[in-house]
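Student: Please take me through one part of this model in close detail. I would like the sheet and whatever packs on it.

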Amino acid sequence: MLRLVSAVLVSIGTRAAGYDYVVVGGGVAGSVVATRLAEKHSVLLLNIAGAPPSKYNSAVMVSDELIVQTNLTATPGMAARIHQPGYAPVPRFSTGETGSSPARWLGGSSVVGLSLFLYDKAMDWAPGWDWNTMQNYMLKSEIQPTHDPAYLHPLTRAFIKAVPGAMATPSSQRPDGTKITAHAAYLHKSSEKLKIMEGVRADRLIIENDVCTGVEVRDLKSGAYRTIRAGREVIVSAGYLYTPRLLFLSGLGDAKELAASGIPVVKDLPAVGKNLVAPRFTPVSWHTSEPTLSQMMGPPISKGPAVKEAFQSVMAEATVQLSKDAIAQFMPIYYAPKSAPLPYSLQGEAWPLSTNAYTVLVTMRTEAKGVIKIDKDPDVSPLIVHEPLTPRDRERGAAAVEAAVGMGSALPSLGPVEHTRDWSAVYDGRGTCRMGTNLSTSVVDTSLKVHGVRRLRIVDGSAIPSSTPFLALPEVVMLAERAADLIGGLQPYAVADMPDGASLWEVVQSAEVPPSDMAALSGPSSEEGLPVYIVMLLCAAVSLISGAVAWRFAPGRAPETSDHYTMA
Ligand SMILES: Cc1cc2nc3c(=O)[nH]c(=O)nc-3n(C[C@H](O)[C@H](O)[C@H](O)COP(=O)(O)OP(=O)(O)OC[C@H]3O[C@@H](n4cnc5c(N)ncnc54)[C@H](O)[C@@H]3O)c2cc1C
C-alpha cells in the first residue's frame with residue numbers, strides 16, 4: 001500500500017518536469033539503464049552523437065579501422081590525452097592525441113570494442129555486488145557471449161592445441177562475425193517512453209540545495225546551451241572519463257582542486273577522478289612465415305589479396321588464465337608496444353604493413369592506479385595519468401611475461417621480435433567515481449547515489465571499484481542492469497537466498513521497497529509540481545481507493561514467471 005501511495009505521489013509531482021529520468025551518456029551503461037527504465041517511466045537519453053553509421057555495424061576488424069577516424073576526438077573537449085611510460089600514439093589516426101578514446105555514438109565504446117567477452121566471477125565490489133547477486137544480471141543481459149567464434153586464424157588453432165588451458169576467447173559477436181553493440185542490443189527496441197537527444201554535450205549538473213534537478217547541455221551544432229529538468233533523477237552514464245569530468249565541472253570534486261580551478265565547490269568529494277584502475281598489457285612477439293592478419297586484409301593495408309573471413313577476427317583470439325591477476329592472449333598479428341592498440345595501427349607502421357609476426361599479449365591488473373586531470377573549460381580534453389607500476393606489479397608482470405614466452409615458443413617461428421617492455425593502459429578504465437561507504441575514497445554509495453546529493457546517480461564503468469585483467473564491458477552491462485532494478489525500487493536478491501525453483505520476480509514481489517529509496521522518491525521532485533496540500537489530499541484519496549481495491553481483489557495477480565533472469 002505504502003508503495004502504491006508513494007508511486008502516485010511521485011508521478012503527480014513529476015509529470016510537469018517532462019521526463020522522470022534524464023540519462024547522460026548513451027554508451028554501454030546508458031543504453032542499458034535508459035532502455036530498462038523506459039519499460040515503465042519516461043526517460044530522456046542525452047548523447048554526444050546519434051546511432052552509429054551502418055558501415056560500423058560490421059566485422060570487428062573493418063569497423064575498428066573506420067571508427068578510429070571519427071571517434072570522440074571529433075568533438076571538442078572529448079579527446080582523452082593519455083600520459084604513461086613508454087607510450088607513443090600513432091599520428092595518422094585521429095586517436096593521435098589519445099591512443100584510443102571511447103566512441104561517441106549511441107552504444108559508446110561497444111561500437112569500437114573488439115567484442116572480447118571475459119569477466120571475473122569472483123567479483124565482490126561491495127555488499128550486494130558480488131557474483132551471487134550479479135549472475136542474475138548476466139543472465140538478464142541482452143549481450144551474451146559466444147564460445148564458438150566466427151573465425152580462428154590457423155596459428156590460433158595451433159596455439160590452442162599446443163598450450164594447456166588455452167581456449168578460444170568468448171566474444172559478443174553474431175555468427176557472421178559482426179559485433180553486437182549496446183546500441184543494437186538495447187536501443188533498437190523503440191519505446192514511446194524513451195526519447196533520445198543526440199548532438200548534445202552535458203556540461204553541468206544543476207544542483208540546488210543538495211538536490212540534482214537537471215542538466216545543462218550544449219548543442220554541439222549551434223553552440224547554444226539549454227537546461228533540461230528531471231522529474232525523479234539524473235543518471236550520469238558518460239563513462240570513466242567524462243562522468244568524473246561532468247561532476248567536477250558541476251562543483252563536485254576535491255574542494256582544493258575545484259578552488260584551484262576556479263570552480264565553486266558544491267560538495268567536497270575528493271575521490272572524483274581518482275582511483276583509476278585499468279588493466280595494463282605488454283606484448284611478446286615472434287616472426288613467422290605463416291601470413292598473419294596484417295597480411296590478410298588486402299590493399300592498401302597489406303600487399304597480398306584480402307582473405308574475407310579474417311575480418312571476423314577478434315584479434316585476441318585465444319586466452320589463457322595465468323592467475324587471478326593475469327591472462328595471456330594469443331593474437332595472430334604483430335603488436336608494437338609503443339603504438340596505438342587498434343587493428344592495423346597497432347603495428348605502428350605505415351601501410352602496407354611489413355612486420356609479419358604473432359603476439360602473446362600479457363594483461364594484468366595492477367596496484368598502480370591513475371588519475372584524471374580536468375580543466376574547467378569543457379572544450380579542453382581531460383588528461384589521464386597512469387602511475388608507473390609498483391615493484392610488486394613488476395614482479396608479477398615479469399612472471400607472467402616469462403609464462404607467455406614459454407607459450408609463444410611452443411609454435412614454430414622465425415625467432416622473437418626484439419622490443420622494449422612497457423605496460424600500456426589505454427582501452428578502458430574503472431573506479432574514477434567508485435562505489436563505497438567512505439566519503440573520502442568513494443563517490444557513490446552502494447545504491448550508486450552520489451554522496452550528499454539527492455536524485456543523482458552514477459551508472460557506468462566509473463562506479464566499479466576494482467579492476468580485473470579483463471576489459472570491462474560485461475561488468476558494465478551487469479552493473480547497469482542491476483542499477484535499473486535499484487532505481488526502480490526492486491530489491492536484488494542473491495541467488496543463494498532464493499528458494500529452490502522461485503523466480504526473481506516472485507521474490508521481488510514479496511519484498512518491501514527499502515525505506516531509504518522511499519525517502520528519495522517522496523522528496524520534492526519538480527519546481528513545477530502541485531502544491532503540497534493538494535498532493536496530500538490526493539494522496540489520502542488514493543490511499544482509501546487503493547485500500548478498497550486491494551481488499552476487493554485479494555489475493556492479487558499471479559506472479560509472472562517468464563523473467564528471463566529466473567535462476568534454473
Ligand atoms: C577501443 C576500445 C576497445 C574495447 N574493447 C573491449 C572488448 O573487446 N571487450 C570488453 O569487455 N570491453 C572493451 N572495451 C571497454 C568497454 O567498451 C567499456 O568498458 C564500456 O564501453 C564502458 O561503458 P560505459 O557506459 O561506462 O562508457 P561508454 O561506453 O564509453 O559510453 C559513454 C557515452 O557517454 C557519452 N558521453 C560522454 N560524455 C558525455 C557528455 N558530457 N554529454 C553527453 N554524452 C556524453 C559518449 O558519447 C558515449 O556514448 C573497449 C574500449 C575501447 C575504448
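**The open sheet and its helices**

Tutor: Start with a pair of strands: β11 and β14 run antiparallel and are joined by 8 bridges. In this pair, tryptophan 286 stands opposite tyrosine 358 of β14. A caution before going on: this is a predicted model.

Now the other partner of β14. Strand β13 (326-331) is joined to β14 by 6 bridges, and the two run antiparallel. Here alanine 326 has methionine 364 of β14 as its bridge partner.

Put the pairs together. The open sheet has 5 strands, in the order β4-β12-β13-β14-β11, with antiparallel pairing. Its edge strands are β4 (167-168) and β11 (280-287), each paired on one side only. In general, strands of a sheet pair through backbone hydrogen bonds, either parallel or antiparallel.

At the β4 edge, 2 bridges join β4 to β12 (residues 318-321), and these strands run antiparallel. Methionine 167 has threonine 319 in β12 as its bridge partner.

Next, look at β14 (357-364) itself. How many of the residues of β14 are buried? The count is 8 of the 8, so β14 is largely enclosed by the rest of the structure. Both faces of this strand are covered. On one side sit Ala357, Thr359, Leu361 and Thr363, all buried. On the other sit Tyr358, Val360, Val362 and Met364, also all buried. Two residues already met belong to that second group: Tyr358, which stands opposite tryptophan 286, and Met364, the bridge partner of alanine 326.

What lies across the sheet? One helix is α5 (residues 154-162), which lies across β4, β12, β13 and β14. Helix α5 runs at about 25 degrees to β12. Its buried residues are Leu155, Thr156 and Phe159. Seen down the axis of α5, these fall within an arc of 100 degrees, so they line one face of the helix. The general rule helps here: an α-helix has 3.6 residues a turn, so residues three or four places apart point the same way. The buried residues of α5 pack against β12, β13 and β14. The face turned away from that buried side carries the exposed residues Pro154 and Lys161.

Another helix is α9 (residues 391-408), which lies across β11, β12, β13 and β14. Helix α9 runs at about 150 degrees to β14.

Two loops beside these elements deserve a look. Most residues other than glycine have a negative phi. Asparagine 275 is not a glycine, yet its phi is positive, at about 55 degrees. Asparagine 275 is in the loop between β10 (267-268) and β11. Is asparagine 275 buried or exposed? It counts as buried because it has 23 C-beta neighbours inside 10 Å, and the cut-off for buried is 20 or more. Leucine 448 also has a positive phi, of about 70 degrees, and is not a glycine. Its place is in the loop between α9 and β17 (456-458). Leucine 448 is buried, with 25 other C-beta atoms within 10 Å.

Last, the setting. The protein chain has 13 helices and 17 strands. Of its 568 residues, 52% are buried. Among contacts between residues at least 6 apart in sequence, 74% join residues at least 24 apart.

Key: Residues numbered from 1 in each chain as written. Predicted model: local features only at pLDDT ≥ 70, side-chain atom pairs only at ≥ 80, totals over all residues. Pairing = 2+ DSSP bridges. Helix = DSSP H or I, 4+ residues; strand = E, 2+ residues; numbered from the N terminus. Contact = placed C-beta atoms within 7 Å. Axes fitted to C-alpha atoms, helices over the stretch in contact; angles between N-to-C directions. Buried ≥ 20, exposed ≤ 12 C-beta atoms within 10 Å, placed from the backbone. Arc of directions from axis to C-beta.
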